Amino acid sequence: PGYVGTVRIYDSAGQLKRTLKQGELMGMSGEWIWDGLTDEGQKASLGIHVISLEAFHPSGEVIRKKIPCVVAHPIH
């Protein structure tokens, strides 16, 4: 608790595609759901993307994580 975080989605070329959360107070648990859309409301391209999390605490501690994910067609 006490961390303020930002969650961003980048494509495989490193281009920012979506900012899910910007400067949001974080709790001990929870989840964010990405609908697969870019900040412009377009469908994200198929392929590998990176979810980037940066969290800052008033004490000065910083947490940075990068999590790969894949955007793919649904299987019917």
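## What counts as a strand

Helices (H or I, at least four residues) and strands (E, at least two) are DSSP runs, numbered from the N terminus. With that in hand, Arg64 can be placed in strand S4. The model you have above is a predicted one.

## The overall layout

By this count the chain has four strands and zero helices, giving the pattern β-β-β-β when read along the sequence. Its C-alpha trace spans about 45 × 25 × 20 Å along the principal axes.

Of the 76 residues in the chain, 25% are buried. If you look at contacts between residues at least 6 apart in sequence, 37% of them join residues at least 24 apart.

## How the strands pair

Let's start at S1, which covers residues 4–11 and runs antiparallel to S3, with eight bridges joining the two. S1 also pairs with S2 in the antiparallel sense, over six bridges. Val7 is a handy landmark here: it stands opposite Leu53 in S3, while its bridge partner in S2 is Lys21. S1 and S2 form a hairpin with four residues between them, and Gly14 in that turn has a positive phi of about 85°.

On to S4, which takes in residues 62–71: 10 bridges join S3 to S4, and these two strands run antiparallel. Within this pair, Val50 stands opposite Pro68 in S4, and His49 stands opposite Cys69. S3 and S4 form a hairpin as well, with five residues between them; Gly60 in the turn has a positive phi of about 105°.

## The nonpolar core

In soluble globular proteins, nonpolar side chains tend to be buried together. Here the largest nonpolar core has 11 residues: Tyr3, Val7, Ile9, Leu20, Met26, Trp34, Ala44, Leu53, Ala55, Cys69 and Val71. Strands S1, S3 and S4 each supply at least two residues of this core.

Leu20 is a good residue to click on if you want to explore the core, as it belongs to that set. Leaving aside its neighbours within four places in sequence, Leu20 is in contact with Val7, Ile9, Trp32, Ile33 and Trp34.

## Three residues to compare

Is His49 buried or exposed? His49 counts as buried because its relative accessible area is 1%, and the cut-off for buried is under 20%. His49 sits in strand S3. Not counting residues up to four places away in sequence, His49 touches Ile9, Tyr10, Asp11, Trp34, Ala44, Ile67, Pro68, Cys69 and Val71. Cys69, the residue opposite His49 in S4, is 20 residues from His49 in sequence and 5.3 Å away in space, C-alpha to C-alpha.

Arg64, back in S4, counts as exposed because its relative accessibility is 57%, where exposed means over 50%. Apart from neighbours within four places in sequence, the contacts of Arg64 are Leu53, Glu54 and Phe56. Arg64 and Gly5 are 59 residues apart in sequence, with 9.6 Å between their C-alpha atoms. Thr38, in turn, lies in the loop between S2 and S3. At 9% relative accessibility, Thr38 is buried, and, again leaving aside neighbours within four places in sequence, Thr38 is in contact with Lys17, Arg18, Lys43 and Ala44.

## The largest pocket

Rolling a probe the size of a water molecule over the atoms shows where empty space is left. The largest pocket in this model has a volume of about 310 Å³. Which residues lie nearest its centre? They are Met26, Gly27, Met28, Ser29 and Trp32, out of 14 residues that line the pocket.

Two strands, S2 (16–25) and S3 (47–56), each supply at least two residues of this lining. Sorted by class, the lining of the largest pocket has nine nonpolar, three polar and two charged residues. Met26 links two parts of this report: it is one of the residues nearest the centre of the pocket and also a member of the largest nonpolar core.

Key
Residues are numbered from 1 along each chain as its sequence is written. This is a predicted model: local features need pLDDT of at least 70, side-chain atom pairs count only at pLDDT 80 or more; totals for chains, interfaces and linings use all residues. Side-chain values use heavy atoms; hydrogens and water are left out. On a 1 Å grid over the protein atoms alone, a cavity is a set of points where a 1.4 Å probe fits but cannot get out, and a pocket is an open set with protein on both sides within 12 Å along at least five of seven lines; lining residues have an atom within 4 Å of a point. Grid points are joined across faces, edges and corners, and a volume is the space filled by probe spheres set on the points. Ala, Val, Leu, Ile, Met, Phe, Trp, Tyr, Cys and Pro count as nonpolar, Asp, Glu, Lys and Arg as charged, and the others, Gly among them, as polar. Two strands pair if DSSP finds at least two bridges between them. A nonpolar core is a set of buried Ala, Val, Leu, Ile, Met, Phe, Trp, Tyr and Cys residues joined through side-chain atoms within 4.5 Å. Buried means under 20% relative accessible area, exposed over 50%, partly exposed in between (1.4 Å probe, protein chains only). Contact means heavy atoms within 4.5 Å.
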